[in-house]
Amino acid sequence: AELADARRSAERLGIEFHEFHWREEFFRLVQTPFIRTYQAGQTPNPCVMCNERLKFGTLFARADALGAQYVATGHYARVEQTATGRWLLRRGCDPRKDQSYFLFSLRQNQLARALFPLGGQTKTTTREKARHCQLQTADKAESMEICFVPGNDYGQFLRQHAPGPARRGEIVDTSGRVLGHHEGIEFYTIGQRRGLRISAPHPWYVVDLDPERNRVVVGDNAALERDEFIVERCNWIPFDTPDAAVEATVKIRYNHKETPATITPLDGAQARVRLHVPQRAITPGQAAVFYQDDLVLGGGWIRR
C-alpha cells in the first residue's frame with residue numbers, strides 16, 4: 001500500500017519514479033542492530049539508524065548513480081548553511097511534529113545534500129497542499145509505530161527473528177535479592193512496570209538490565225531518577241567538538257520534554273551529561289539529543 005501510494009502520487013505530480021528493493025540492506029543495517037541492542041540489555045532507536053545508514057547512506061549512493069545532487073525526505077526539520085560553510089540542523093517549525101531528534105547523527109556531508117521541504121510548515125499546511133494537488137495521501141492516517149514491528153509488539157518480533165533462544169534469568173531488587181525470574185532481558189526496558197509477574201505491596205519498575213549476569217534489576221519509582229549519564233558515539237553539528245562544557249537542553253527520548261543540562265565533551269567521542277533536574281527512566285541504547293533553542297547541537301547514544 002505504501003509503495004502504491006508513492007507511485008500514484010509521483011504520477012499525479014509528474015515525478016519520475018524509481019523503485020529500489022533493499023530488504024537485505026535493511027535487515028543488516030537496521031533490524032540486526034535493533035535485535036542485538038535489545039539482547040545487550042539496551043533499548044534501540046531504529047529510526048535514527050535508518051536515517052543515518054539507509055536514507056542518508058545507501059540512498060545517497062543510488063542518488064549518485066542517477067545523477068541526483070540532493071536527497072529529499074518528509075522529515076519536519078530544517079537545514080541551513082552558515083557564512084563559513086558549516087551546515088546546521090534546526091527543528092521543524094511545527095513543534096508538535098518536529099523530527100530533528102531522529103537526524104542528530106547526520107554528518108556535514110549528509111546535511112549538505114539533504115532537503116527537508118516540509119520543515120518550514122505545519123502538518124496542517126502539508127495536508128492542505130496535498131489536497132490542492134489532489135493526492136490521495138492527503139488525509140492518510142499517521143503511524144507512530146516502528147515500521148517493521150507489526151502492532152508495535154517488539155517482543156514478538158524478537159521471538160521470530162532473534163538468533164537462538166532467549167536466556168531465562170533472575171529478577172532481583174537493587175540489593176540483589178531474587179524476586180522472580182524472566183524469560184530474556186531483551187523483553188524488558190528501563191521504566192517498565194507491567195509484565196514483571198512479581199507479587200509485592202508496592203509497584204516495582206525495571207531500573208537496570210545486567211547482560212553480564214543476565215539479570216533484570218527492579219526498584220521503586222525513586223530508583224528510576226538519575227541526574228548524570230555518559231553518551232558515546234557523539235556527533236556535533238555546529239562544530240567538530242566543543243572546546244569546553246556547553247549549556248543546552250537535552251531530550252533523552254523522542255517524546256521526552258527536554259530538560260536543561262551541562263554537557264562536557266570527553267575523549268573518544270563521548271560526553272558527560274549532567275542534568276540540572278533529575279529525570280526518570282534514562283535508558284541505555286536511546287539517543288540523547290542536545291539543543292540550544294531551535295538549533296541541534298548534536299547528540300550521542302546513552303551508555304550503560
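1. Cys 133 is partly exposed, with a relative accessible area of 31%; partly exposed lies between buried, under 20% relative accessible area, and exposed, over 50% (1.4 Å probe, protein chains only). The closest cysteine sulfur to that of Cys 133 belongs to Cys 93 and is 20 Å away, too far for a bond.

2. The model is predicted: local features need pLDDT of at least 70, side-chain atom pairs count only at pLDDT 80 or more, and totals for chains, interfaces and linings use all residues. Residues are numbered from 1 along each chain as its sequence is written, and side-chain values use heavy atoms, with hydrogens and water left out.

3. With a disulfide taken as a pair of cysteine sulfur atoms within 2.5 Å, the count is zero. Cys 47 is in no disulfide, and the nearest cysteine sulfur, in Cys 147, is 6.9 Å away. Cys 47 is partly exposed, at 35% relative accessible area.

4. The largest nonpolar core (buried Ala, Val, Leu, Ile, Met, Phe, Trp, Tyr and Cys residues joined through side-chain atoms within 4.5 Å) has 33 residues. Phe 34, Tyr 188 and Val 216 have the most contacts inside this core. Among the elements giving two or more residues to it are α2 (23-39), α3 (46-66) and β8 (215-219); helices (H or I, at least four residues) and strands (E, at least two) are DSSP runs, numbered from the N terminus. The largest share, six residues, comes from α2.

5. Beyond its neighbours within four places in sequence, Tyr 188 is in contact (heavy atoms within 4.5 Å) with residues including Tyr 154, Ile 171, Leu 209 and Val 216. A second, separate core of 23 residues includes Leu 89, Phe 104, Ile 237 and Trp 301.
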